[in-house]
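Student: I have a model open and would like to learn how to read its helices and its chain contacts. Could you walk me through it?

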Amino acid sequence: MIKLQNLTFSFSGHKVLDDITIDFQENQVYGIVGLNGAGKTTFFNVLSTTLKTQTGTIKYGGNVISNKDIAYLETANYFYSRITGNEYLKIFKQTNPGFNLGSLQEFMKLPLDDLIETYSTGMKKKLALLGVLKQDKKIFLFDEPFNGLDLETNKILELIITTLKEKGKTIFVSSHIIDPLLTVCNQIHYLDKGKFARSFDKADFNQIEDELFKKLKADAQTIISHSL
Amino acid sequence: MAILLNIRLIQVKRELNSTGLGALIAIGLFSFLIYAAYTVFLKSPGAYYLTAFLFLACVSVQSYRNDKQFVYIHIRKPHFEMYSEYLLLTIPFSATSLFTSNWFCFPALAAALLLVPYLKFTLKQKTYFKSISSVIQAADFEWISGFRRSFGILIPLYLLALGLSWFRILPLLLLWFITVTIASFFTECEPLHILKEGNLSSAKLLKRKLIRMLIYILFMYIPVLVINTIFNPKYWILNLLFIPLQISLVSYAVFLKYSTYEPNKNSVGNNVILSLVSIGSIIPYFLPIPLMMAVFTYGKAQKNLNNYLND
């Protein structure tokens, strides 16, 4: 179990995560949604230990969570200049025995012998994803993984997430597009102003659109009809 | 003040602040370089070569800089802004010519630099040495990246050093140029997930980087130095001392990178200090400087890395 207790994180005095206490069961897929600035990326950065916790604790299996447990696909993908896709992948030790680059390449179709600088945004995302999948970690964090990917790869990513779950992994996925989350997640959590304001189980997914966007749609409709 | 110059000033201030005592040494060595430029401007052919070198350096920066599109679209008077940058970059050196009989080099360079902002092409990157990771481990990505960036200088220099290895001193000078180029490999900071790969502690990571550096340098330099010693046995001590001097320079580059490490950052300020310390490494009185700087920076590198590597 992943236990977050009184987790608070601030930037320059502004609370981005505000006293979050929540438990996540293992071997589940969790969707994290929220508007821009809700704290999704900070949540992922703190959970992945990229940012150190300021107040509160994150425990995994009773111990303080460690980078060793986590594979993290960041929303913005950074690499190193003048290295090829192949060289980037070789940097990571293959700890996942099932990882088969040749087979995955049939779908990804990446020019692995070319410099990463020449890749498109979607290709960079795919490459970063391959780097993450090469590692056998217990927890996978995917921050906006569907951004920049073509329709085909979006579907492949959904399958990858489902397969990781079948292999016993715990997965956190954030997205601005709700549809893929409805397919892959067991639970979706709505992050608002640094707090988990609402959680939806699979059975309640049909209420998400209504509950989260009903007021927004009504307000927006009024504003837009008066503005355009 | 020009917008770009203002940004550069802020960047330089930030970099100097982050280098602490190193900034003083940097300023000292920078002053020495200016003096060296003055001495070159005193004599005619040298003055012309230096003027041409300064101009070509600016052309090179212009053809590779990746903010060109941004500057042309978003900055008012982009040509003037870029020109101001190149002028300011070269003035500390070119202005010394005003105190010599070759004073006209200063206005000549200033006029020639007017053309540089109009060079709008960007050199496309081709993938050279696709199989290099079979020779250099992928984990040594700084070496792979650096070699691809600088092979046009490194290979001719090395072949020259090897081909002229029976000469006195000259091969050492050529190898020193190679060391300086290698030191420049360590100014780009890798993303955090690459840094954390292998879950190494800061001490182990730095040790690993040093061992790999040692292997590559010894592999490249020993053949040249052995041949040189055979032909010039009187210089065996110089050849023997040469390797630790080069290693301390590259070690300093590694430690400097990690002492100022921030994920994905390109430490431009480090480049300046590195080149100055590099020059110090061939001036007799300054020879211990790279070693002293390496020792001084190691603790800072370890401390800074602990912020990222300790869960």
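Tutor: Gladly! Keep in mind that this is a predicted model. Let's begin just after helix α1 of chain A, where A:Thr49 has a positive phi of about 70 degrees.

Student: And α1(A) itself: how many of its residues are buried?

Tutor: Burial is judged by counting neighbours, with 20 or more other C-beta atoms within 10 Å making a residue buried. In α1(A), which spans residues 40–47, 7 of the 8 residues are buried, so the helix is largely enclosed by the rest of the structure. Among them are A:Phe43, A:Phe44, A:Val46 and A:Leu47, along with A:Lys40.

Student: Now to helix packing. At what angle do α8 and α11 of chain B pack?

Tutor: Angles under 35 degrees count as roughly parallel. Here α8(B) (residues 170–183) and α11(B) (residues 236–259) pack at about 15 degrees, with axes 9 Å apart. That angle is why α8(B) is roughly parallel to α11(B). The crossing is right-handed.

Student: Which residues meet there?

Tutor: In a helix, residues three or four places apart point the same way, because there are 3.6 residues a turn. From α8(B), B:Leu172, B:Leu175, B:Thr179, B:Ile182 and B:Ala183 take part, meeting B:Phe242, B:Gln246, B:Leu249, B:Val250 and B:Ala253 of α11(B). These contact residues comprise 8 nonpolar, 2 polar and no charged.

Student: What about the chain contact: how many residues of each chain are involved?

Tutor: Chain B contributes 23 residues, in contact with 24 of chain A. On the chain B side, α7(B) provides the largest share, 5 residues. By class, that side has 7 nonpolar, 8 polar and 8 charged residues.

Note on methods. Residues are numbered from 1 along each chain as its sequence is written. Chains are lettered from A and ligands numbered from 1 in the order in which they are written. This is a predicted model: local features need pLDDT of at least 70, side-chain atom pairs count only at pLDDT 80 or more; totals for chains, interfaces and linings use all residues. Axes are lines fitted to C-alpha atoms, for helices over the stretch in contact, and angles run from 0 to 180 degrees between N-to-C directions. Helices (H or I, at least four residues) and strands (E, at least two) are DSSP runs, numbered from the N terminus. Angles under 35 degrees count as roughly parallel, over 145 as roughly antiparallel, 65 to 115 as roughly perpendicular and the rest as oblique. A crossing is left-handed if the near helix is turned anticlockwise from the far one by less than a right angle, and right-handed if clockwise. Two residues are in contact if their C-beta atoms, placed from the backbone, lie within 7 Å. Ala, Val, Leu, Ile, Met, Phe, Trp, Tyr, Cys and Pro count as nonpolar, Asp, Glu, Lys and Arg as charged, and the others, Gly among them, as polar. A residue is buried if 20 or more other C-beta atoms lie within 10 Å of its own, exposed if 12 or fewer, and partly exposed in between; C-beta atoms are placed from the backbone.
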